[in-house]
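Me: I'm new to this structure and would like a close look at one part. Could you walk me through the six-stranded sheet and what sits around it?

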Amino acid sequence: MLKIEDLTIRYHGMPALSGVNLQVEAGERTAFVGPNGGGKSSLLKAVSGTVEEWEGQISFEGTNLAQVAPHDRVEMGIIHIPEGRRVFSGMSVRENLLVGAQRRAARPHVDQQMDVVRELFPTLMEMLSRPGESLSGGQQQMLAIARGLMGCPRLLMLDEPSMGLSPLAAETVFTGLGRLEEFGEVTLILVEQRAPDAFELCETAHVFESGSLVSSGRSADLAADGRLAAIYLGEV
Ligand SMILES: Nc1ncnc2c1ncn2[C@@H]1O[C@H](COP(=O)(O)OP(=O)(O)OP(=O)(O)O)[C@@H](O)[C@H]1O
C-alpha cells in the first residue's frame, strides 16, 4: 500500500531522516519506534504532505505522491493524527467528529462510523455537546483518534497517542486501537515511545535512530533482540 524509497527529509538543509526504504502492506499494523529525534514524526509528515524539503519516492497504492497536495492525500484515505492531539478546542465533540468525516468517501458513512466510535470509545458519546477544550488529555486523544476514524481511513498514521497520558488513559486508547480490525480493514502506522505497547498492537515494526532506519521486522523478533531494545528503550 505504501512504498517509501530512498527518502531523505531536511529542515533548513539539515537532514532529519536519510535514505529510508520501507513498505507497508494493506491491512498491516506497523510501529515506528526509537528515541526522540530519530525522524519518525518527520516520516509521517512526509507521507501526509506536510514537510517541504524531501527527496526520494513515496507512493500510495501505486500513485507517486510527489505532486499530490495534502488535502488530496486525505481524499485518498491517508489520515494523519499528529502528536499533541490538536482537537478543535472551541468546537463541540460532535463538531470535531464531523470535521473528520469531510473526506468525500466518508460522507455517506457518518452514522456507521459514529457507531464504530461508540463501540471503541463509549465515553466520548456521553460528551458530544461538550467543547473539545473541556476534555481531559486522554479524552482529547480518544477524540483525535475518533475524528480520524470518521474519515474512513485507508492508512491511519498515529503519532505518539500515549504521550502525556496517565497509564489508565493510555491503556484505554490502546484497547480501542486493538479493536479497530473488528470494523474493517485499516492499515496502521503507529509512532510510539512505549515500544512494548506498540509491539503488542502491531505485528511489524521499524526502529529509527538519529535519522536512520536501523532495523525492520516482526515485532516479536525485534522485541527479543537485546541490542535493539537498548536503542528503542533509550538505554544507549
Ligand atoms: N520543524 C522543524 N524544524 C527544524 N528541525 C526539525 C523540525 N522538526 C523536526 N526537526 C528535527 O528533525 C529531527 C527528527 O525529528 P522528528 O520529530 O521527526 O523525530 P522523532 O523520531 O519523531 O522524535 P520525537 O519523538 O521527538 O518527535 C530532530 O533532530 C528534530 O529536531
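Reply: Here is a tour that starts with that sheet and then moves to its surroundings.

Two housekeeping points before we go. Residues are counted from 1 along each chain, in the order its sequence is written. What you see is a predicted model, so to speak of local features a pLDDT of at least 70 is needed, side-chain atom pairs count only at pLDDT 80 or more, and totals for chains, interfaces and linings use all residues.

Now the sheet. Its six strands come in the order 6-7-8-3-9-10, the sheet is open, and the pairing is mixed. Strand 6 (78-81) and strand 10 (212-218) are the edges: each has a single partner strand, so one side of each has no neighbour in the sheet. On average, neighbouring strands here are turned by 15 degrees against each other, with direction ignored. A few words on terms: helices (H or I, at least four residues) and strands (E, at least two) are DSSP runs numbered from the N terminus. Two strands pair if DSSP finds at least two bridges between them. Axes are lines fitted to C-alpha atoms, for helices over the stretch in contact, and angles run from 0 to 180 degrees between N-to-C directions.

Let's zoom in on two of the pairings. Strand 3 (residues 29-33) and strand 8 (residues 187-191) run parallel and are joined by four bridges. In this pair, Phe-32 sits opposite Val-191 of strand 8. Strand 9 and strand 10, on the other hand, are antiparallel, with six bridges between them. There, Ala-205 faces Gly-217 in strand 10. These two strands form a hairpin with two residues between them, and Ser-210 in that hairpin has a positive phi near 50 degrees.

Next, the helices that lie on the sheet. Helix 1 lies across strand 3, strand 6, strand 7 (155-159), strand 8 and strand 9 (204-209), and makes an angle of about 145 degrees with strand 7. Helix 6 also packs on the sheet, where it touches strand 6 and strand 7, and its direction is at about 170 degrees to that of strand 6. In the loop between helix 6 and strand 7 you'll find Cys-152. Its phi is near 45 degrees, which is positive even though Cys-152 is a residue other than glycine. Cys-152 counts as buried because 23 C-beta neighbours lie inside 10 Å (buried is 20 or more other C-beta atoms within 10 Å, exposed is 12 or fewer, partly exposed is in between, with C-beta atoms placed from the backbone).

What about the nonpolar core? The largest one has 67 residues, and Val-117, Ala-146, Met-157, Leu-190 and Ala-198 have the most contacts inside it. Helix 6 (residues 137-149) gives the most to this core, with six residues. Such a core is a set of buried Ala, Val, Leu, Ile, Met, Phe, Trp, Tyr and Cys residues joined through C-beta atoms within 7 Å. Leaving out residues up to four places away in sequence, Met-157 touches Leu-44, Val-47, Ser-48, Ile-79, His-80, Ile-81 and Ile-189. Being in contact, here, means that the C-beta atoms, placed from the backbone, lie within 7 Å.

Tyr-232 is worth a stop too. You'll find Tyr-232 in helix 10 (residues 226-232), and it is buried, with 30 C-beta neighbours inside 10 Å. Along the chain, Tyr-232 and Gly-34 are 198 residues apart, yet their C-alpha atoms are separated by 4.1 Å. Not counting residues up to four places away in sequence, Tyr-232 touches Val-33, Gly-34, Ala-195 and Val-207.

Finally, the ligand. Around it are Tyr-11, Ala-16, Asn-36, Gly-37, Gly-38, Gly-39, Lys-40, Ser-41, Ser-42 and Phe-208. A residue is listed there if its C-beta atom, placed from the backbone, lies within 6 Å of the molecule. Helix 1 (residues 40-48), which we met lying across the sheet, provides the largest share of this shell, three residues. By type, the shell holds three nonpolar, six polar and one charged residue. In that count, Ala, Val, Leu, Ile, Met, Phe, Trp, Tyr, Cys and Pro are nonpolar, Asp, Glu, Lys and Arg are charged, and the others, Gly among them, are polar.

How values were computed
Two residues are in contact if their C-beta atoms, placed from the backbone, lie within 7 Å.
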